[in-house]
Amino acid sequence: MQDIELFDQQALYEHVYKNVPVGIALVTLDQHWVHVNPALVKIFGYTAEELKTLTTADLTFSEDASQYDNKLKQLRDGVHSQIEVEQRYQKRNGDTIWTSLHVSLIRDEQDGKPLFYIKQIIDITKSKLAENKLQESIERYTSLKKYNHDAIISFGLDGKIINGNQMAQHLTGYKIEELVGSRISRLIGERNLASVLSVSTDYSNVEKSINFIKSKSGYEVEVLATLAPIIIQNKTVGYYIIAKDMTEQKRLIIEKEAAEKMNKAKSEFLAMMSHEIRTPMNGVIGMTDLLLLTNLDSEQHEYVEIIKKSGITLLMIINDILDFSKIESGKAELIEEPFNVRGIISETLHVIMPKALQRNLEVMTSVCPQVPDFVHGDVAKLKQVLMNLLSNAIKFTLNGAVSITVDCKQQTEDTVSLQFAVRDTGIGVPPEKVVHLFEPFYQVDNYMTRKVEGTGLGLAICRKLVQLLGGEIWYEPGTDQPGSAFIFTANFQCDTHADSISSDLSSYSDNSNDNSIKILIAEDNEVNQIVLKKMIEKLGYNATVVSNGKDAVEAVKRFPYDIIFMDIQMPEMDGVEATRMIKESLTSKRMPYIVAVTAHVIKGDYEKYIATGMDEYVSKPVSIEVVSDIIEKTLNRVREDL
């Protein structure tokens, strides 16, 4: 019976050794494999015979050796009866596996001398990878929580705070140690805490109610709160509250609103100043135009010319300031249309040519053959830049020449980049002052000693306009002779289907034979009434004058007018309201041609007044040429109706 028990025990041991899912090996003290079970063969991928030719060091990593060897020494020295470590091995196919290694020692029964190691190895690769992923996830969460710019506080269903990040300390004034274990209600209030704990899905309403976090000092910090449930094994065990400090954002919003109000006030101020300055200027320039058409002796004619030039100079200064203000406030927009490049150069030169002739300057032009005839872009802004640069060139050139060249810098199928250069043989610019040329209100010559007039805004406006045209502008000194060169680029759309652009510069003539057209002037300023009425009379027509919008409406009811020159800003009833009432009271066949006459030149005015029902828009000061053109338009309209 004893033999059977012994046999059964041995069979049991052998069965366990061969079938247990744990690798078991007998290893010599110098780390050679002696016996290995099938599980260990499966773990490493080697056969038992192959393993016997290797040492354990052949399968491990050198960087792990020192720690492992120290523990084996402690085992041999009797410090420990067994050791257990996590050990990396390399399988036969090159893969790295993680194992849980248990090592014990077989000693000689008589002298206790170490003989062999018994190693038990369990493959824990899958659990180790899962553990590493979990650790990575924890570290990512910790980093997110630690370095987040918002305060993050976690609390349990009992309302007690579990943890918080550094921003929570900064926001509340409490240290994390002070917060942990205390109730979250000390920060958000009992009512909000109750609301959080009573809601299971939609937290939006609760989030909206948490507007403030009460700090340690008692000060309430305005926040934008977000709630997130902490879910473990499909059960909500607590919540995160993520609170963004809105103090800085609120300050920025207030500053933004203040800036917008200031910008609006600035625009309104500019509109008012434009009106207040242009209204008397209309009288000054208009009356000088009329005076020049009368019989004056040479001395009187000279004086009137001086008055007119002074008025025009003042108007140019006003326009510069208004243009710069519009561009600075971002209210300048591109108005694109097809135009002839060479035609624009000719038109610009035609305007400045009298000034050049007065100074006996030679004016030269050169347009590269590669420059297309027609392009699509903002012709008004291009002309403004060219006029500014050419006027400056003439202004600062006492003798010699002024030239303008146009080159094709780059062209694709749809776009073209043109380079314009305005050169002169003038006084040039000192090198130390070149850097300031395009700064607002900067003038090369000192205010007290300067020889030319202006605001110092011309080049600053040019730079802004060129930027709007997608280009850049710069200065180059003269090379072979004194002088300056202002060069700029501008981008345009190619316009291959544009028709020829022609201009009719025919002057106005005496229309006394066709004076049946009926004209009404609605204007409250007596000087402007006289100016406009005299201009109309010089053109051979008669006009009726009223001083406000209310009288204009009554006048139209009594008499069918063909044209109404309608001032916008008038007492009792303004021009916009008067236009609306006239349009509502008349049929389309009797509708007069209403012209908005205004000193306002702020962006959007044209569209605004046309949208109210007006047919035309002119800004003060009004020239006799403009009045003539409007009357001619109306005559053509009347003839078409006949």
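How far is the sulfur of Cys494 from the closest cysteine sulfur? The sulfur of Cys408 is that neighbour, at 8.1 Å, which is too far for a bond.

**Figure 1. Cysteines without disulfides in the predicted model.** This is a predicted model in which local features need pLDDT of at least 70, side-chain atom pairs count only at pLDDT 80 or more, and totals for chains, interfaces and linings use all residues. Residues are numbered from 1 along each chain as its sequence is written, and side-chain values use heavy atoms, with hydrogens and water left out. The structure holds zero disulfides (a pair of cysteine sulfur atoms within 2.5 Å). Cys408 is in none, and its nearest cysteine sulfur, that of Cys368, is 6.7 Å away.

**Figure 2. The largest nonpolar core.** A nonpolar core is a set of buried Ala, Val, Leu, Ile, Met, Phe, Trp, Tyr and Cys residues joined through side-chain atoms within 4.5 Å; buried means under 20% relative accessible area with a 1.4 Å probe, protein chains only. Among the 42 residues of this core, those touching the most other members include Phe339, Leu382, Phe420 and Phe492. Helix H14 (a DSSP run of H or I, at least four residues) gives the most, with eight residues. Phe492 is in contact (heavy atoms within 4.5 Å) with residues including Val375, His376 and Asp414.

**Figure 3. Glu207 in helix H10.** Helix H10 spans residues 204-209 and contains Glu207. Glu207 is buried yet has no salt bridge (a side-chain nitrogen of Lys or Arg within 4 Å of a carboxyl oxygen of Asp or Glu). The nearest side chain of opposite charge, Lys208, is 8.2 Å away. Not counting residues up to four places away in sequence, Glu207 touches Ala225, Thr226 and Leu227.

Note on methods
Helix = DSSP H or I, 4+ residues; strand = E, 2+ residues; numbered from the N terminus. Buried < 20%, exposed > 50% of the residue type's maximum accessible area, 1.4 Å probe, protein only. Lys, Arg positive; Asp, Glu negative; His and termini not counted.
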